[in-house]
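Please read the points below alongside the model. They deal with strand pairing, helix packing and one side-chain contact.

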Amino acid sequence: MKRKITEAIMEVNHTANQFKSSIVLLVQGKSIDVKSMLGLSITLFHDDEFKMEIHGPDEQEAKHAMQTVFAKNGLVVEFI
């Protein structure tokens, strides 16, 4: 199980870092930068459903890519 989560963290982080847009998970009143491996690790190990904000020049492409990578890894994400 840990390996699957670790692989998901790496894949989500790698995908996010391909974009210029700001990609942030909102979890328990905190904003977590998806491009930060540490913040993402803490979040994905402890939560099952996520809210995400994406802002920037390539936000539509980033939103599509993040939706795809979250779904591929069995994670639920809602964009706000």
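1. Val-24 has Asp-33 in β2 as its bridge partner. The two strands concerned, β1 (residues 22-27) and β2, run antiparallel to each other and are joined over four bridges. As this is a predicted model, the pairing is best read as a property of the computed coordinates.

2. The sheet to which these strands belong is open, comprises four strands in the order β2-β1-β3-β4, and has mixed pairing. Its edges are formed by β2 (30-33) and β4 (76-79), each of which has a single partner strand, so that one side of each is left without a neighbour in the sheet. From one strand to the next, the twist averages 35°.

3. Helix α3 packs on this sheet, where it touches β1, β3 and β4, and its direction makes about 160° with that of β3.

4. Which aromatic side chains pair in this model, and in what geometry? The structure holds one aromatic pair, formed by Phe-50 and Phe-70, whose ring centres are 5.8 Å apart. Their planes stand at 80°, and because an angle over 60 degrees counts as edge-to-face, the pair is assigned to that class.

5. As to where the two rings sit, Phe-50 belongs to strand β3 (residues 49-55) and Phe-70 to helix α3 (residues 59-72), so the pair ties together parts that are 20 residues apart in sequence. Both Phe-50 and Phe-70 are buried. The aromatic pair thus links β3 and α3, and α3 is also the helix that packs on the sheet.

Key
Residues are numbered from 1 along each chain as its sequence is written. This is a predicted model: local features need pLDDT of at least 70, side-chain atom pairs count only at pLDDT 80 or more; totals for chains, interfaces and linings use all residues. Side-chain values use heavy atoms; hydrogens and water are left out. Rings of Phe, Tyr and Trp (its six-membered ring) pair if their centres lie within 6.5 Å; planes under 30 degrees apart count as stacked, over 60 as edge-to-face and the rest as tilted. Buried means under 20% relative accessible area, exposed over 50%, partly exposed in between (1.4 Å probe, protein chains only). Two strands pair if DSSP finds at least two bridges between them. Axes are lines fitted to C-alpha atoms, for helices over the stretch in contact, and angles run from 0 to 180 degrees between N-to-C directions. Contact means heavy atoms within 4.5 Å.
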